[in-house]
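Please look over the sequence and the structure shown here before reading on. The paragraphs below are meant to be read with both in view.

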Amino acid sequence: MNETTPSQTVGPFFGYALPYGDGPRVVPEWHPDAIRIHGGVFDGAGEPLPDALLEIWQAGPDGEVPRAVGALTRDGHDFAGFGRCGTDAAGHYWFSTLKPGGPTPYLALLVFARGLLKPVITRIYFPDEPGNAGDPVLSGVPPERRDTLVAVREHDRSYRFDVRLQGEQETVFFAV
Amino acid sequence: MSDPHPPYLHPPYQSTPLRAPSRPLIVPAYGPDAVELSSPVFGHSELGTFDNDLTRQHRGEPLGERIIVTGRVLDSSGRPVPNTLVEVWQANASGRYIHARDQHPAPLDPNFTGAGRCLTDADGRYRFVTIKPGAYPWRNHHNAWRPAHIHFSVFGTAFTQRLVTQMYFPGDPLFAYDPIFGSIADEKVKERLISRLDMDTTVPEWALGYQWDIVLGAIPAEDS
Ligand SMILES: [Fe+2]
């Protein structure tokens with residue numbers, strides 16, 4: 001019997017240690033198929049979090065789980081599928097990545113922050129995907145809250161996804 | 001097995017009331033899928049030579065008590081997790097972070113950044129050489145001080161079991177006053193965050209050694 005090590009908050013002082021230059025750049029912005037996912041992280045008073053850390057992990061365009069090395073030092077060629085971005089002073093984050101393949105594309109998202117004693121776990125789905133209607137995870141979410149899991153298309157290659165930690169429009173978080 | 005993790009809402013830690021989710025978490029209908037049950041792959045070529053030795057990242061040696069911190073990353077059934085990324089960050093010996101927002105009026109050390117990383121070996125073992133971090137004050141409540149700690153980030157085999165936590169040192173008199181350490185109610189569970197002084201890890205006439213194993217949470221079966 002092994003006893004799980006409990007979580008503790010990432011705290012306020014990770015900024016010089018965890019974020020790295022190409023963290024948000026899962027693929028370079030000039031990649032012909034690059035999409036941009038960006039948004040804000042907000043607390044229960046609607047205030048932006050300037051000290052949150054977001055991580056995405058996702059399937060590649062072929063729908064497969066990436067097995068390539070290169071999430072820390074991007075080589076601009078292999079798709080490593082992992083991205084990390086700290087929010088800026090306005091609570092904003094961004095990623096440049098590829099849209100995952102498969103019937104219901106989504107990005108797994110973890111958010112860490114001071115005041116979060118453990119991360120929140122959620123998914124970023126894409127709008128206008130026929131697969132969303134039949135997706136077992138989305139379908140398991142109360143209908144009035146499903147929108148919180150679906151990014152908003154801004155233009156063809158840009159999507160907005162806000163994370164609301166608490167309150168009326170609180171993002172759906174998963175227990176897994 | 002009961003949930004070892006602290007709750008989101010722990011009012012004595014004053015950053016939690018506005019940041020803790022207030023709605024119940026949703027258990028995904030068919031459990032996590034292949035993406036969530038896997039984790040990114042990291043390679044040795046991505047790391048620098050001195051990433052795991054925080055005392056050799058600058059021209060001179062940092063001030064403070066040199067220590068070795070090592071242990072194994074294990075999955076929930078006790079199997080070592082090899083080749084997984086472990087990242088650490090910490091205050092210097094004076095209790096000061098290099099982070100721009102740290103306003104504690106204690107000296108910075110030009111020879112200490114306080115950030116390191118390594119990949120676990122075939123036995124799941126990580127090892128860092130560093131200096132013992134100092135306790136530091138924070139503004140959570142009047143006269144609030146954090147016990148000395150090293151922040152750890154561990155990937156493991158499943159993204160949803162990814163762990164960010166803090167390692168403490170044995171016998172710290174500040175434990176009783178810290179609402180972050182105290183966010184875990186069960187004394188036995190708290191102890192899992194405390195490293196152990198180990199004379200076999202200690203290198204005579206050079207550095208004290210501390211052992212601390214990290215056990216990741218169970219991965220739910222795909223069909224559960
Ligand atoms: Fe800290």
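What follows is a walk through a sheet, a metal site and the nonpolar cores.

This is a predicted model, in which local features need pLDDT of at least 70 and side-chain atom pairs count only at pLDDT 80 or more, while totals for chains, interfaces and linings use all residues. Residues are numbered from 1 along each chain as its sequence is written, chains are lettered from A and ligands numbered from 1 in the order in which they are written, and side-chain values use heavy atoms, with hydrogens and water left out.

In chain B, four strands make up an open antiparallel sheet, in the order E3-E2-E7-E8; strands here are DSSP runs of E with at least two residues, helices are runs of H or I with at least four, and both are numbered from the N terminus. Two strands pair if DSSP finds at least two bridges between them. Because strand E3 (115–119) and strand E8 (163–168) of chain B each have a single partner strand, they stand at the edges, and one side of each is left without a neighbour in the sheet. Within this sheet, strand E2 (residues 85–90) and strand E7 (residues 149–154) of chain B are joined by five bridges, and B:Val86 has B:Val154 as its bridge partner in E7(B).

Which residues of the protein are donors of the iron ion? They are B:Tyr97 (OH), B:Tyr136 (OH), B:His149 (NE2) and B:His151 (NE2), at 2.0 to 2.2 Å from the ion, where donors are N, O and S atoms within 2.8 Å of the metal (3.2 Å for Na, K and Ca), and since water is not among the atoms, sites may look incomplete. Along the chain, these donors follow the spacing Y-x38-Y-x12-H-x1-H. B:Tyr136 in strand E5 (residues 136–138) and B:His151 in strand E7 of chain B are 15 residues apart and link distant parts of the chain. Both B:Tyr136 and B:His151 are buried, a word that means under 20% relative accessible area, with exposed over 50% and partly exposed in between (1.4 Å probe, protein chains only).

Elsewhere in chain B, strand E1 (residues 66–74) pairs with E4(B) in the antiparallel sense over seven bridges. Five of the seven residues of strand E4 (residues 125–131) of chain B are buried, so this strand is largely enclosed by the rest of the structure.

A nonpolar core is a set of buried Ala, Val, Leu, Ile, Met, Phe, Trp, Tyr and Cys residues joined through side-chain atoms within 4.5 Å. The largest such core has 39 residues, and among those touching the most other members are A:Phe174, B:Phe42 and B:Trp89. E5(A) gives the most to this core, with four residues. A second, separate core of 34 residues includes B:Cys118 and B:Phe128.
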